[in-house]
Amino acid sequence: MKHETGHPRVDWIEVILNGAKARAAICTGNQASVISLRAAQSLRINYPIDYRFVGKVHGLAGATTAIVGRIHHTMLQIGGRSSSVALTVLEHDYEGDEPKRDFYLGLDFMKKHDAVVDCSRKVVVIQGVEVPLV
């Protein structure tokens, strides 16, 4: 489904990342879970960035941004359950006509935690816990 802007609709879930409330976009198109450097700094998870992991990420419509590093482990709480998540750190947020999106849970996390996106019920089921899409 697309918004009036022509961009794909993004579904979000409420999470707690490193002890702070955040919104994570559910993105089955991302192979890896990503966070912007700005978001990592505001959530105070930028201290363990491994700057050896650099490169470029190519997105929709030819958009690119630099990969500045990787956070190998930080705590993520979803629906009352805690787990570890690894995040690729991007130099910039994804921008455009839509609100800035700076934290995406990708296929790596969803596969590891047996996540199911149930569009008809507007929930994500992660290891048996239903989390509403917002």
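Is D50 buried or exposed at 11% relative accessibility? In this predicted model, D50 counts as buried, because its relative accessibility of 11% falls under the 20% limit. The salt-bridge partner of D50 is R52, with the closest N and O atoms 2.7 Å apart, and R52 counts as exposed at 69% relative accessibility.

Side chains of opposite charge can pair when their charged atoms come close. The count of salt bridges comes to five. Among them is the pair formed by D102 and R38, whose side chains meet with an N to O distance of 2.4 Å. This pair links distant parts of the chain, 64 residues apart, since D102 lies in the loop between β7 (81-90) and β8 (103-105), whereas R38 belongs to helix α1 (residues 37-42). D102 is buried, with a relative accessible area of 17%, while R38 is partly exposed, with a relative accessible area of 42%. A further salt bridge joins the side chains of E14 and R23 at 3.1 Å, N to O; here E14 is partly exposed at a relative accessible area of 44%, and R23 likewise counts as partly exposed, at 42% relative accessibility. In addition, D118, R121 and E130 are linked in a network of salt bridges.

Turning to the nonpolar interior, the largest nonpolar core has 29 residues, and those with the most contacts inside this core are I13, L17, I35, L76, I78, F103 and L105. Strand β6 (residues 64-78) provides the largest share of the core, namely four residues. For L17, when neighbours within four places in sequence are left aside, the residues in contact are I35, L43, I45, T74, M75, L76, V85, L87 and F103. A second core, separate from this one, consists of eight residues, including V10, C27, I67 and Y104.

Backbone geometry was also examined in two loops. D114, in the loop between α2 (107-112) and β9 (116-118), has a phi near 50°, which is a positive value in a residue other than glycine. D114 counts as exposed, with 57% relative accessibility. Q127 is placed in the loop between β10 (123-126) and β11 (129-132), and its phi is likewise near 50°, again a positive value in a residue other than glycine. At 40% relative accessibility, Q127 counts as partly exposed.

Definitions and conventions. Residues numbered from 1 in each chain as written. Predicted model: local features only at pLDDT ≥ 70, side-chain atom pairs only at ≥ 80, totals over all residues. Heavy atoms only, no water. Buried < 20%, exposed > 50% of the residue type's maximum accessible area, 1.4 Å probe, protein only. Core = buried A, V, L, I, M, F, W, Y, C linked by side-chain atoms within 4.5 Å. Contact = heavy atoms within 4.5 Å. Salt bridge = Lys/Arg side-chain N within 4 Å of Asp/Glu carboxyl O.
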